[in-house]
Amino acid sequence: YTRGTVTAFSPFDARADAEALRKAMKGMGTDEETILKILISRNNAQRQEIASAFKTLFGRDLVDDLKSELTGKFETLMVSLMRPAYIFDAHALKHAIKGAGTNEKVLTEILASRTPEEIRKIKQVYLQEYEANLEDKITGETSGHFQRMLVVLLQANRDPDGGVDEGLVEQDAQVLFRAGELKWGTDEEKFITILGTRSISHLRRVFDKYMTISGFQIEETIDRETSGDLEKLLLAVVKSIRSVPGYLAETLYYSMKGAGTDDATLIRVMVSRSEIDLLDIRKEFRKNFAKSLYQMIQKDTSGDYRKALLFLCGGDDD
């Protein structure tokens with residue numbers, strides 16, 4: 001079951017694709033169009049097979065060739081498409097905590113929107129690829145309540161969805177109300193525990209109940225009662241609980257809204273969700289922002305990079 005824009009291509013011939021890619025990059029000039037058409041219309045598993053056929057036939061590394069033949073954002077996008085799914089997220093996290101300054105935005109987006117199962121997989125791949133413990137790396141570069149919330153999410157122990165106990169819903173909503181609106185200062189720990197560990201269907205009911213009790217959306221309270229990185233993370237968690245496609249549609253919108261484009265975010269979301277829920281993200285985008293994702297990409301990008309993103313987007317939603 002997938003709501004992605006990219007699915008397995010059929011009939012698939014890894015060797016023929018490898019040959020076409022080699023031809024597109026050989027000699028003078030590069031045929032970008034062929035490269036993007038092949039790589040975007042194959043799914044990730046097929047791209048790995050193409051890379052393996054490429055090495056077998058030509059003794060060359062496909063990713064290295066892409067890096068040397070392409071440039072700029074288009075190159076980043078094509079190379080990103082070549083990374084296996086969990087390695088993609090692990091790689092993004094590694095670069096978010098590398099060197100001077102931590103990219104909290106990346107930590108927030110990935111850890112707030114991935115399922116517990118996905119997070120377990122990312123941790124495993126991180127250890128294999130980088131011989132380091134993801135949690136240790138993250139705790140080394142973050143602090144305070146922001147760090148604690150990330151650690152809770154990294155445990156990937158959210159309660160599984162089951163029957164919802166209305167008594168517990170009422171109780172959690174009251175606890176959050178007392179920890180935020182009713183308290184001088186905020187008891188962040190209560191927000192962290194409840195938002196980080198309860199099941200999705202339970203929390204959706206808690207948010208409704210919270211509104212009834214307080215007269216506020218939980219997002220409004222978080223906005224008023226917390227600040228900085230913690231606020232952004234709690235909001236991302238709440239939005240992802242309400243709807244992951246909704247949260248990622250908003251993330252895409254803000255990557256392109258206003259002056260300049262946050263291409264790293266645009267590429268990260270488009271690539272990482274292309275086989276999961278990009279169709280749902282498109283739907284949410286159209287519903288919430290009075291224009292389609294396709295139209296916004298068209299207006300905000302150019303050249304082969306634009307061509308590739310539009311192809312990855314998979315269509316317009318009028």
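This is a short dialogue on reading some features of a predicted model.

User: Which domains does the assignment give for the protein?

Analyst: The domain assignment lists domain 1 (14-82), domain 2 (85-155), domain 3 (166-242) and domain 4 (245-313).

User: How do I read the contact between domain 2 and domain 3, and how many salt bridges does it have?

Analyst: Begin with the distance: the C-alpha centres of domain 2 and domain 3 lie 23 Å apart. The contact draws on 11 residues of domain 2 and 13 residues of domain 3. Between them the two domains bury about 1100 Å², with 80% of that area on carbon and sulfur atoms. The count of salt bridges between domain 2 and domain 3 is zero.

User: What should I look for in a nonpolar core, and which residues have the most contacts inside the largest one?

Analyst: In soluble globular proteins, nonpolar side chains tend to be buried together. Here the largest nonpolar core has 97 residues, and Met 78, Leu 195 and Met 270 have the most contacts inside it. Helix α15 (residues 228-242) supplies the largest share of this core, eight residues. Apart from neighbours within four places in sequence, Leu 195 touches residues including Met 149, Phe 207, Leu 234 and Ile 241.

User: Where does Met 78 sit, and what packs there?

Analyst: Met 78 is one of the buried residues of helix α5 (residues 72-81); among the others are Phe 74, Leu 77 and Leu 81. The buried residues of α5 pack against α2 (32-41), α3 (44-58), α4 (62-69), α6 (85-96), α17 (263-273) and α20 (303-313).

User: How do I read a buried charge such as Arg 22?

Analyst: Look for a partner of opposite charge. Arg 22, in helix α1 (residues 14-25), is buried and has no salt bridge. The nearest side chain of opposite charge is Asp 65, 4.2 Å away; this is not a salt bridge because the cut-off is 4 Å. Beyond its neighbours within four places in sequence, Arg 22 is in contact with Phe 54, Phe 58, Arg 60 and Asp 65.

User: What about backbone angles?

Analyst: Most residues other than glycine have a negative phi, and most peptide bonds are trans. Glu 131 has a positive phi, near 45°, and lies in the loop between α8 (116-130) and α9 (134-141). Ala 156 has a positive phi of about 55°, in the loop between α10 (144-155) and α11 (166-179). A cis peptide bond joins Ser 10 and Pro 11, with omega about 0°; Pro 11 is in the segment before α1.

User: Are Glu 131 and Ala 156 buried or exposed?

Analyst: Glu 131 counts as exposed because its relative accessibility is 73%. Ala 156, at 4%, counts as buried.

Key: Residues are numbered from 1 along each chain as its sequence is written. This is a predicted model: local features need pLDDT of at least 70, side-chain atom pairs count only at pLDDT 80 or more; totals for chains, interfaces and linings use all residues. Side-chain values use heavy atoms; hydrogens and water are left out. A nonpolar core is a set of buried Ala, Val, Leu, Ile, Met, Phe, Trp, Tyr and Cys residues joined through side-chain atoms within 4.5 Å. Buried means under 20% relative accessible area, exposed over 50%, partly exposed in between (1.4 Å probe, protein chains only). Helices (H or I, at least four residues) and strands (E, at least two) are DSSP runs, numbered from the N terminus. Contact means heavy atoms within 4.5 Å. Lys and Arg count as positive and Asp and Glu as negative; His and the chain ends are not counted. Domain bounds come from an automatic or database domain assignment. Buried area is the accessible area (1.4 Å probe) that two parts lose on being put together, summed over both.
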